[in-house]
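Biologist: Please take a close look at one part of this model, the helix packing and the aromatic side chains around it. Give me one connected account.

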Amino acid sequence: MAKGYWVSVYPTISDPERLTSYNELAGPAVQARGGRVLSLLGGRVVAHEAGTTERVVLIEFDSFEQAVAAYESEAYQKALVALPDGVERDFRIIDGID
C-alpha cells in the first residue's frame, strides 16, 4: 500500500514563537493517527528556483487515507484553530508511489 505524506512549507512566519500553541496540539494529534515526522523542524534547507528557506515539514503516514483522516480529525482541527495570524502555509497531502 502506498504511503501518504503531509508536505508543509511556510513561506512567511512573522512570529515563530507564536507557533507554540499549534505545535503543542498538532504533534500529539499527528502521532495519534500514526504520523511520523521525517524532516527536522528548523533543519537545514537549500532552496532552489522559487524555493523558500523558511520552515519545511514532511510527515509520513502508512497510507494516503490515513493522512487525510489525520488532517480531518477533531484533534488536528483544534490545532489548526491555534495556528496564529501571520503564518502563511502551503500545505498538501500527497500519495506515495509505493
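Modeller: H1 and H3 are roughly antiparallel to each other, because angles over 145 degrees get that label, under 35 roughly parallel, 65 to 115 roughly perpendicular and the rest oblique. This is a predicted model, where local features need pLDDT of at least 70, side-chain atom pairs need 80 or more, and totals for chains, interfaces and linings use all residues. Residues are numbered from 1 along each chain as its sequence is written, and side-chain values use heavy atoms, leaving out hydrogens and water.

Now the numbers for that helix pair. Helix H1 spans residues 20-32 and helix H3 residues 74-81. They pack at about 165°, with axes 8 Å apart. Axes are lines fitted to C-alpha atoms, for helices over the stretch in contact, and angles run from 0 to 180 degrees between N-to-C directions. Helices (H or I, at least four residues) and strands (E, at least two) are DSSP runs, numbered from the N terminus. The H1 and H3 crossing is left-handed, meaning that the near helix is turned anticlockwise from the far one by less than a right angle; clockwise would be right-handed.

Tyr 22, Leu 25, Ala 26, Ala 29 and Val 30 are the H1 side of the contact (heavy atoms within 4.5 Å). On H3 they meet Ala 75, Tyr 76, Lys 78, Ala 79 and Leu 80. By class, the contact of H1 with H3 has nine nonpolar, no polar and one charged residues. Here Ala, Val, Leu, Ile, Met, Phe, Trp, Tyr, Cys and Pro count as nonpolar, Asp, Glu, Lys and Arg as charged, and the others, Gly among them, as polar.

H3 also packs against helix H2 (residues 64-72), at about 55° with axes 5 Å apart. That makes H2 oblique to H3. Ala 70, Tyr 71 and Glu 72 of H2 meet Glu 74, Tyr 76, Gln 77 and Leu 80 of H3. This contact has four nonpolar, one polar and two charged residues.

Next, the rings. Tyr 22, Tyr 71 and Tyr 76 belong to one aromatic cluster with Trp 6, Phe 61 and Phe 91. Rings of Phe, Tyr and Trp (its six-membered ring) pair if their centres lie within 6.5 Å; planes under 30 degrees apart are stacked, over 60 edge-to-face, the rest tilted. The count comes to seven aromatic pairs. Trp 6 and Phe 91 have ring centres 5.2 Å apart and planes at 75°, so the pair is edge-to-face. Trp 6 lies in strand S1 (residues 4-13) and Phe 91 in strand S4 (residues 87-95), so the pair ties together parts 85 residues apart in sequence.
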